[in-house]
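Biologist: I would like a close look at a single part of this complex, set in the context of the chain that holds it. Please take me through it with care, and say how far the model can be trusted.

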Amino acid sequence: MTLSFQQTIQDRVHAAAATGTALSIQGGNSKSFYGRSTHGDVLSVKEHQGILDYTPSELVISARAGTRLTELESVLEQEGQMLGFEPAHFGEGATLGGTLACAFSGPRRPYAGAARDYVLGVNCINGTGEWLRFGGQVMKNVAGYDVSRTLVGSQGTLAILLDIHLRVLPRPETEITLQQSCDAATAIQRCNTWAAQPLPVSASCHLDGQLFIRLSGMEQGVQSAAASIGGEPLPDAAVFWQQLREQQLAFFSGELPLWRVAVPAATGILPLEGDTLLDWGGAQRWLRSEQAADSIRAITGSAGGHATLFRGGDRSGEVFHPLQPALLSLHQRLKKTFDPAGILNPGRMYREL
Amino acid sequence: MSRRNITTELRKHLPENCVLTHAEELRPYECDALSAYQQLPMVVVIPDTLEQVQTTLRLCAEHKVPVVARGAGTGLSGGALPLENGVLLSLAKFNRILDIDIQNRVARVQPGVTNLSISNAVAAYGLYYAPDPSSQIACSIGGNVAENAGGVHCLKYGLTTHNIQALEVLTIDGEHLSIGGQALDAPGYDLLALLTGSEGLLAIITEVTVKLLPRPEIAQVVMAAFDSVDAAGASVTEVIASGIIPAGLELLDKPAIDAVEKFIHTGYPKDAAAILLCELDGTQADVSAQIERVNQVFAAAGAIDLQVSHNEEERQRFWAGRKAAFPAMGRLSPDYYCMDGTIPRKHLARVLNQIGTLSEEYGLPICNVFHAGDGNLHPLILYDANKTGELERTEELGGKILELCVEVGGTITGEHGVGLEKINQMCVQFNTAELQQFHAIKSAFDADNLLNPGKAIPTLHRCAEFGAMHVHHGELPHPELERF
């Protein structure tokens with residue numbers, strides 16, 4: 001089945017490349033809100049499912065791109081392990097491939113690494129229909145360019161992910177979330193002070209005058225860190241972090257455009273219009289705002305950061321932070337090396353790619 | 001272009017002391033730490049300023065002269081081996097730390113800054129830069145990025161690629177690009193990942209922003225001795241399976257222990273067939289709990305001796321033997337050759353046994369001192385370069401070991417890079433379409449193939465030659481092919 005599925009995809013790509021037909025790669029279709037709106041023939045990889053190899057003591061799992069994130073996570077959980085980057089699902093049908101194509105990383109990201117940090121290797125099909133393998137199943141591998149990590153976040157514009165090898169982590173023995181009342185500026189300061197100390201912080205967020213800090217690790221270490229940080233333990237903390245990750249908190253409801261603002265973590269409060277939720281110790285700030293895109297990007301850019309129109313707003317414009325001309329032109333040349341006919345998710349990331 | 005012409009051009013645009021052409025000035029650049037390969041460059045350029053780097057690149061691009069970048073020259077795969085018809089571009093003078101941002105826990109540094117000096121510069125703030133290749137006292141951060149360097153602690157803290165945030169680079173055309181950024185997850189393709197480990201083939205690194213981590217409250221080492229390599233290998237898997245990720249987990253086999261004990265007295269048990277050094281770090285509470293668990297695992301796996309470091313002095317003593325392992329080999333044998341394959345941990349015992357068999361077959365002793373926790377093998381083949389044919393047999397044996405790594409699902413290089421050394425084994429690990437994709441990526445950065453040509457990614461022609469010879473004679477190709 002697998003070989004024939006691979007062949008089917010290759011045939012579709014060959015045919016599309018020959019006629020210059022745009023393909024819209026789709027897993028569980030849970031992330032269609034993200035990126036620029038595009039048109040193309042749907043190329044589904046949803047049925048390319050299943051875990052290919054998993055030996056818990058190797059801390060590596062290999063799975064097909066169409067494998068549902070929920071299935072993957074439940075298999076890992078049974079062995080006391082997890083995905084270190086704590087990805088958002090944004091829907092029941094979320095697949096591993098789609099998650100990596102979008103490079104979605106959750107609350108643990110600033111402390112434990114991003115989606116790409118956990119990718120060890122991929123098998124993929126490029127825009128000329130070639131089946132290619134990069135990286136592998138081992139932790140350390142510097143043979144050839146690091147294409148597998150480069151594909152993470154490329155939103156299907158370079159290649160179609162088929163099989164993915166991931167590093168996984170043991171689940172922490174215990175977790176506790178503490179809540180402190182403070183304003184946003186104080187929260188940023190506290191989070192960055194703690195992050196510079198050997199404390200087992202695994203998530204931090206500030207919302208409505210409340211700072212939430214999650215500590216993860218072994219029982220003794222977490223308890224002693226909790227005592228030194230202070231604050232009220234938050235009941236049902238797992239639900240809170242899940243709702244933050246899945247954008248189900250009240251902050252995320254309504255129709256106002258949602259911006260993801262990324263700045264150096266210790267950056268002070270930015271003069272942006274609208275409500276802000278601080279995540280990642282200040283490194284990621286969610287903004288609900290109708291402020292003009294150029295203005296948001298100018299403010300974010302001058303702080304050394306970038307802004308993404310994450311949900312809503314004008315999906316036909318530039319939803320991702322514009323690239324410098326020299327960098328954009330390099331992106332275009334790179335895209336051509338993978339997808340010379342320009343058929344893989346054209347325009348999903350940037351108009352020019 | 002002739003040597004005279006490019007030298008004239010370089011001299012016209014650069015200060016005199018930046019351009020070296022005399023044989024005695026070129027000699028120090030004829031090899032990196034893989035001294036088996038040597039080649040004098042056509043000319044060495046040592047710029048002082050970014051503008052001078054830019055000028056050098058522009059002149060080379062204009063005149064189609066290849067450029068090999070060099071940091072500290074500590075690379076182990078011949079990645080900085082000069083080209084006879086090329087410019088060797090040394091970035092050694094770019095050795096300043098530009099900015100330390102304590103609040104954001106990053107430092108901006110020039111490429112020639114040594115790895116260890118970054119940690120030293122931020123130690124007062126309780127921070128450090130995690131990747132610690134064994135050459136960290138000498139190796140430069142630019143070279144670390146080019147090779148995606150690892151080290152003893154990457155099991156827990158990752159490789160260079162996990163610990164940098166931004167790069168400033170120059171393309172072969174002298175164009176400046178900012179890659180990554182001060183904020184997390186920069187927009188566009190993850191070029192930071194692509195450039196890290198690209199071995200000087202895509203761009204010249206002129207600045208690196210590294211991430212700084214809080215120094216753990218405490219680190220302690222457990223030393224466990226085993227009466228068989230199999231038992232030691234199996235216990236590595238058991239430790240990881242127990243839910244602990246040690247900061248480092250290193251294995252020394254019997255020949256390595258013997259060599260080390262002759263060199264310095266570390267107190268490693270002499271009757272052991274293998275020992276493991278397992279470092280645990282974190283808060284005092286966590287480390288105590290982890291030591292207890294790790295000790296149980298080792299005991300259950302049949303450890304014949306277990307010792308825990310109780311203070312910093314003891315911890316350093318346990319590590320002293322590991323750190324002295326390479327120099328100790330140097331005393332045992334006129335030359336040694338260090339391999340760098342990585343395998344899935346579950347195949348450790350099998351691969352170590354097969355390496356032993358190969359060692360007997362070739363009549364060349366092999367010691368194993370390596371990063372067991374992440375399956376990164378460093379077999380050291382002991383040989384004598386003065387004996388006719390011994391280097392060639394050593395390289396052939398090394399090639400066999402790497403192919404064995406690929407066979408069990410691993411890779412030919414975990415952290416040293418392909419360079420020139422492992423270029424033939426790239427043909428074993430990757431097929432034609434994959435190599436073509438690599439070449440295409442290079443052409444997107446460097447259309448005329450001027451940056452470190454002939455390294456890291458083999459030409460298809462070369463693979464055809466290697467494949468043919470490999471199948472028919474089981475030998476590595478002739479050395480003259482390596483000058484492509």
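Modeller: Let me begin with the chain as a whole: of the 484 residues in chain B, 56% are buried. This is a predicted model, and the mean pLDDT of chain B is 92, with 96% of its residues at 70 or more. For the complex, the predictor reports an ipTM of 0.97 and a pTM of 0.95.

Chain B contains 16 helices and 18 strands. Its radius of gyration is 23 Å, close to the 23 Å that the globule rule gives for 484 residues, so chain B is as compact as a globular protein of that length. The C-alpha trace of chain B spans about 70 × 60 × 40 Å along its principal axes, and of the contacts in chain B between residues at least 6 apart in sequence, 71% join residues at least 24 apart.

The part I would single out is helix H9 of chain B, residues 254–263, in which Ala256(B), Ile257(B), Ala259(B) and Val260(B) are buried. These residues lie on the same side of H9(B), because the arc they cover around the axis is only 165°. An α-helix has 3.6 residues a turn, so residues three or four places apart point the same way. As for what covers the buried residues of H9(B), the cover includes strand E13 (248–253), strand E14 (274–282), helix H11 (312–332) and strand E17 (366–371) of chain B.

Turning from this helix to the contact between the chains, 73 residues of chain B and 64 residues of chain A take part. On the side of chain B that touches chain A, the elements giving two or more residues are helix H7 (191–195), helix H8 (229–241), helix H10 (284–300), helix H14 (423–429) and helix H15 (432–445) of chain B. H15(B) provides the largest share of that side, 7 residues, and the residues of the side of chain B that touches chain A divide into 31 nonpolar, 29 polar and 13 charged.

One stretch calls for caution: over residues 470–484 of chain B, pLDDT stays under 50, and the model has 16 contacts beyond four places in sequence for these residues. Where pLDDT is low, the predicted coordinates should not be read in detail.

How values were computed. Residues numbered from 1 in each chain as written. Chains lettered and ligands numbered in written order. Predicted model: local features only at pLDDT ≥ 70, side-chain atom pairs only at ≥ 80, totals over all residues. Buried ≥ 20, exposed ≤ 12 C-beta atoms within 10 Å, placed from the backbone. Helix = DSSP H or I, 4+ residues; strand = E, 2+ residues; numbered from the N terminus. Arc of directions from axis to C-beta. Contact = placed C-beta atoms within 7 Å. pLDDT = per-residue confidence, 0-100. Nonpolar A, V, L, I, M, F, W, Y, C, P; charged D, E, K, R; others polar. Rg over C-alpha atoms; globule rule 2.2 N^0.38 Å.
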